[in-house]
Amino acid sequence: MPESASPPARAVWPGHAYPLGATYDGAGTNFSLFSEVAESVELCLIARDGTEERIPLTEVDGYVWHAYLPNVVPGQRYGYRVHGPYEPDAGHRCDASKLLLDPYGKAFDGDFDGDSSLRTFGADTLGHTMTTVVINPYFDWQSDRAPKRPYHETVIYEAHVKGMTATHPGVPEDLRGTYTGLAHPVVIEHLTKLGVTAIELMPVHQFLDDQVLVDQGLHNYWGYNTFGFLAPHAGYAAFEKPSAVVAEFKAMVRAFHVAGIEVILDVVYNHTAEGNDRGPTLNFRGIDNAAYYRLVDDDKSTYMDYTGTGNSLNARHPHTLQLIMDSLRYWVLEMHVDGFRFDLASTLARELHDVDRLSAFFDLVQQDPVVSQVKLIAEPWDIGEGGYQVGNFPGLWTEWNGKYRDTVRDYWRGEPATLGEFASRLTGSSDLYEATGRRPSASINFVTAHDGFTLADLVSYNEKHNMANGEDNRDGESHNRSWNCGVEGETDDPEVLALRARQRRNILATLLLSQGTPMLAHGDEMGRTQHGNNNVYCQDSPLSWMDWTLAQTNSDLLEFTQRVMALRAAHPVFRRRRFFEGRQVTAGESARDILWLTPAGTEMTESDWGRGFARSLAALLNGDAIREPNHRGEPVRDDSFLLCFNAHDEGIEFTVPEVAAGSHWEVVLDTDTPTGHSDAVVDGGANLKAGARSLTVLRRVD
């Protein structure tokens with residue numbers, strides 16, 4: 001070719017409107033973008049030197065702009081420029097000067113540099129924003145199989161990808177804080193020895209560091225600021241090549257599955273990282289603002305904000321719903337994840353203003369043959385009016401049970417309350433879930449989570465200590481239902497330290513022996529502390545990371561947690577599939593599946609339940625009265641257990657039931673000892689001294 005000759009024109013074929021996004025087929029890539037408001041769309045291929053090649057998309061079907069480019073292969077960086085109206089008062093914010101990311105992007109490269117162009121109309125963002133990357137979808141899953149663990153056998157462990165391994169001495173330094181590091185054998189061994197069956201990852205969708213945090217030298221550590229619903233966050237990748245991030249994530253999932261551990265993703269479909277009308281234009285805003293976002297009816301230049309983040313995704317629009325559903329299916333079918341926890345899920349249920357249990361989103365999930373078959377967990381609230389919806393989600397869903405959290409915290413700190421509320425939470429919260437045909441497993445029981453105090457801090461601080469966040473301690477929850485056991489924060493007082501340790505054991509044992517699906521926050525099993533900070537969303541530092549030296553320092557707490565986990569796993573009476581009936585299911589008193597007793601050994605009366613000052617009760621769980629069969633249809637038989645709860649500040653005598661002549665009971669767990677171990681045996685009809693603020697579990701042996 002003569003030197004003066006122009007390069008051959010790039011071949012552009014019509015391509016297809018679906019699937020949306022960039023799809024590589026081995027010979028080239030199909031590009032597809034929805035925009036109803038666009039007047040024209042340009043596909044921009046970004047070279048390694050940062051220059052762009054603009055390709056007009058002339059094919060449009062149902063507001064979907066598309067083209068197929070032969071020879072465009074994985075690793076190609078791209079974006080879009082959307083030409084259309086910039087009329088904020090009408091809800092339109094098209095700006096062709098913005099290089100826009102693909103809402104269906106499966107990998108991203110580069111970073112946002114905080115340049116004012118991201119927030120300024122008419123200013124070009126090329127070089128200041130990330131680019132979308134074409135990926136290779138092919139991966140050797142080998143013999144991967146989803147564990148498909150039933151809910152009643154599930155124990156969830158909420159974790160942060162980076163925080164779990166950022167300082168782990170057993171993980172190579174170059175792998176710490178990454179997907180590969182999280183799947184390292186030493187981490188998986190810790191989880192399996194603990195008894196975890198599912199790891200719930202805090203957001204791994206591609207997210208953005210808020211500029212206001214970056215300006216303060218902080219980072220969005222939690223990741224609840226997403227904009228790429230189909231892409232694993234590149235910042236957690238061990239390898240620099242953007243197109244390799246997807247394969248690394250898949251390898252992590254495969255490793256967990258080999259260990260029998262499910263992977264659940266914490267997903268944020270309620271808002272995006274673009275924020276309010278002063279936020280950056282990254283993708284949705286510039287592609288079709290009115291379609292993707294909920295706008296204020298009488299002022300479409302502003303956004304409805306049910307999340308406290310500046311905007312709310314418009315789950316009423318069919319293409320936005322399609323994006324959410326396509327994203328969910330992609331993570332199940334292509335990334336092999338086993339379920340989702342939906343952040344501020346009430347926002348997705350808002351049809352007009354109120355939360356609607358029959359909203360289009362729930363209808364779509366219910367009938368979807370893929371999404372409906374995985375674990376679906378709702379955080380059943382948002383900050384809008386009527387947003388607290390614990391117990392009101394459809395039958396397919398499980399829920400973070402905020403009432404369980406509050407009740408258990410109040411009980412063990414000695415707050416006046418009725419024992420009936422505590423008993424209801426302990427037995428699966430039938431008052432919340434039974435009316436919709438759900439079972440105890442619909443209650444995701446938790447006492448601590450990423451948002452709020454760790455377990456160690458819950459028993460060490462009365463007040464939040466969030467000054468490090470740069471908001472004068474105004475951020476974070478102020479009503480924590482916590483108790484510092486007499487001293488605020490760190491202390492060397494042996495009595496206070498002993499009480500705190502016992503309180504940690506009380507809460508862990510209550511959580512893991514309650515009916516429902518327990519969720520443990522990462523590090524609580526070994527006393528992780530954030531030194532009173534209950535909102536470490538911006539603390540990407542040792543303050544929020546796991547301190548693995550605690551596994552040795554607090555080895556007794558770790559052993560205790562393993563002991564209770566093993567007790568739950570070994571005995572179906574602690575993880576029943578159906579609610580207790582609380583009545584005689586056959587002739588004879590011994591046939592009742594649960595019996596509530598006073599410390600004196602008498603059955604609880606209505607007046608006993610209503611005593612707000614009462615702090616102690618016992619629950620007799622009858623292992624011979626489990627009505628539901630196992631998965632093979634066979635009867636389930638188990639040992640019977642007596643749980644003696646004492647939240648008083650003094651020891652109390654419990655009369656142990658004499659259910660049969662010559663029966664006796666052995667203590668299998670006692671929170672009054674550091675590891676929970678006890679060799680005590682008590683005859684039926686005799687008394688057991690339960691220590692102050694303790695939980696004792698006895699097993700009947702004849």
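**Notes on the predicted model**

1. Let's start with Thr398, which sits in strand β21, residues 398-400. Keep in mind that this is a predicted model. Thr398 has a relative accessible area of 3%, so it falls under the 20% cut-off and is buried. Its side chain makes a polar contact of 3.5 Å with the side chain of Tyr151. Once neighbours within four places in sequence are set aside, the contacts of Thr398 are Tyr151, Leu376, Ile377, Ala378, Ser441, Ala442 and Ile444.

2. Tyr151 turns up again when you look at charges over rings. The charged end of Lys375 sits over the Tyr151 ring, 5.0 Å from its centre. Another case of this kind involves Arg341, which lies over the face of Trp400 at 4.0 Å from the ring centre.

3. Now the aromatics: how many aromatic pairs does the structure hold? The count is 37. One of them is Trp13 with Tyr68, where the ring centres are 5.2 Å apart and the planes meet at 20°, so the pair is stacked. Trp13 belongs to the segment before β1 (21-24) and Tyr68 to strand β6 (residues 64-70), so this pair ties together parts that are 55 residues apart in sequence. The two partners are worth checking for exposure as well. Trp13 comes out as partly exposed, at 47% relative accessibility, whereas Tyr68 is buried, at 10%.

4. A second pair to look at is Phe31 with Tyr78, an edge-to-face arrangement with 5.0 Å centre to centre and 75° between the planes. This one also links distant parts of the chain, as Phe31 is in strand β2 (residues 28-34) and Tyr78 in strand β7 (residues 77-83), 47 residues apart. Phe31 and Tyr78 are both buried.

5. Phe31 also features in the core. The largest nonpolar core has 152 residues, and Phe31, Phe249, Leu265, Phe340, Phe342, Phe361 and Val697 are those with the most contacts inside it. If you want one residue to click on, try Leu265: leaving out residues up to four places away in sequence, Leu265 touches Leu201, Val204, Phe249, Trp331, Val337, Gly339, Phe340 and Arg341. There is also a second, separate core of 17 residues, with Ala198, Leu432, Tyr433 and Met519 among them. As background, nonpolar side chains in soluble globular proteins tend to be buried together.

6. Next, helix α9. Does its length agree or disagree with what its 12 residues should span? At 1.5 Å a residue, α9 (residues 402-413) should span 16 Å, and its end C-alpha atoms are 17 Å apart, which agrees. The helix is mostly covered, with 9 of its 12 residues buried. The buried set is Gly402, Tyr404, Asp406, Thr407, Val408, Arg409, Asp410, Tyr411 and Trp412, so charged residues such as Asp406, Arg409 and Asp410 are on the list too, each being under 20% relative accessible area.

7. Both ends of α9 have something to look at. At the N-terminal end, Asn401 acts as a cap, with a side-chain oxygen 3.1 Å from the backbone nitrogen of Lys403. After the helix comes Gly414, which has a positive phi, near 85°.

8. Helix α6 (residues 284-292) is mostly covered as well, with 8 of its 9 residues buried. They are Phe284, Arg285, Gly286, Ile287, Asp288, Asn289, Ala291 and Tyr292.

9. A few backbone details I would look at by eye. The peptide bond from Tyr18 to Pro19 is cis, with omega near 5°, and Pro19 is placed in the segment before β1. Asn71 is not a glycine, yet its phi is positive, about 70°. Asn71 is in the loop between β6 and β7, and with 66% relative accessibility it counts as exposed.

10. Ser429 is another non-glycine residue with a positive phi, about 60°. Where is Ser429 placed? It is in the loop between α10 (419-426) and α11 (430-433). Is Ser429 buried or exposed? Ser429 has 0% relative accessibility, so it counts as buried.

Methods. Residues numbered from 1 in each chain as written. Predicted model: local features only at pLDDT ≥ 70, side-chain atom pairs only at ≥ 80, totals over all residues. Heavy atoms only, no water. Helix = DSSP H or I, 4+ residues; strand = E, 2+ residues; numbered from the N terminus. Buried < 20%, exposed > 50% of the residue type's maximum accessible area, 1.4 Å probe, protein only. Polar contact = N/O pair within 3.5 Å; in protein donor to acceptor, adjacent residues only side chain to side chain. Contact = heavy atoms within 4.5 Å. Phe/Tyr/Trp six-rings, centres within 6.5 Å; stacked < 30°, edge-to-face > 60°. Lys NZ or Arg CZ within 6 Å of the ring centre and 35° of its normal. Core = buried A, V, L, I, M, F, W, Y, C linked by side-chain atoms within 4.5 Å. Expected span 1.5 Å × (residues − 1).
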